[in-house]
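The following questions and answers are intended for a reader who is new to this structure. Please consult the sequence and the model while reading.

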Amino acid sequence: MSSETVIGIDVSRDWLDGFCLPEKQRFCFQNSPDGHARLLETLQSMPDGLTVGFEATGGQEWVL
């Protein structure tokens, strides 16, 4: 059985708040171009086979 990395990201106007399982890693980036770049760097450093889900409010997730 392989372990899968699952990431949930709460997208608000100002922040991207995330939690990663099974690592139990938390992260928080600004919802801005710089924050998006940092999020991508973080995701690219993780093992293959990521599942990422967004909980968005009012269309704030569209840029991602």
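The questions below concern a predicted model and address its sheet, its core and its charged side chains.

Q: In what order do the 4 strands of the open sheet stand?
A: The pairing in this sheet is mixed. β3 and β4 (50-56) stand at the edges, each with a single partner strand, so each has one side without a neighbour in the sheet. The strand order is β3-β2-β1-β4.

Q: Which residue of β3 is the bridge partner of L16?
A: Strands of a sheet pair through backbone hydrogen bonds, either parallel or antiparallel. Here β2 and β3 pair in the antiparallel sense, over 6 bridges. Within β3, the bridge partner of L16 is F29.

Q: Which element supplies the largest share of the largest nonpolar core?
A: This core has 10 residues, including L16, F29 and M46. At least two residues come from each of β1 (5-11), β2 (15-21), β3 (25-30) and α1 (33-44). The largest share, 3 residues, is supplied by β1.

Q: What angle does the direction of α1 make with that of β3?
A: The helix α1 packs on the sheet and touches β1, β2, β3 and β4. Its direction and that of β3 make an angle of about 155°.

Q: Which residue forms a salt bridge with D14?
A: A search of the whole structure finds 1 salt bridge. D14 is partly exposed, at 39% relative accessibility, and its partner is exposed, with a relative accessible area of 59%. With the closest N and O atoms 3.1 Å apart, the partner of D14 is R13.

Key. Residues are numbered from 1 along each chain as its sequence is written. This is a predicted model: local features need pLDDT of at least 70, side-chain atom pairs count only at pLDDT 80 or more; totals for chains, interfaces and linings use all residues. Side-chain values use heavy atoms; hydrogens and water are left out. A salt bridge is a side-chain nitrogen of Lys or Arg within 4 Å of a carboxyl oxygen of Asp or Glu. Buried means under 20% relative accessible area, exposed over 50%, partly exposed in between (1.4 Å probe, protein chains only). A nonpolar core is a set of buried Ala, Val, Leu, Ile, Met, Phe, Trp, Tyr and Cys residues joined through side-chain atoms within 4.5 Å. Two strands pair if DSSP finds at least two bridges between them. Contact means heavy atoms within 4.5 Å. Axes are lines fitted to C-alpha atoms, for helices over the stretch in contact, and angles run from 0 to 180 degrees between N-to-C directions.
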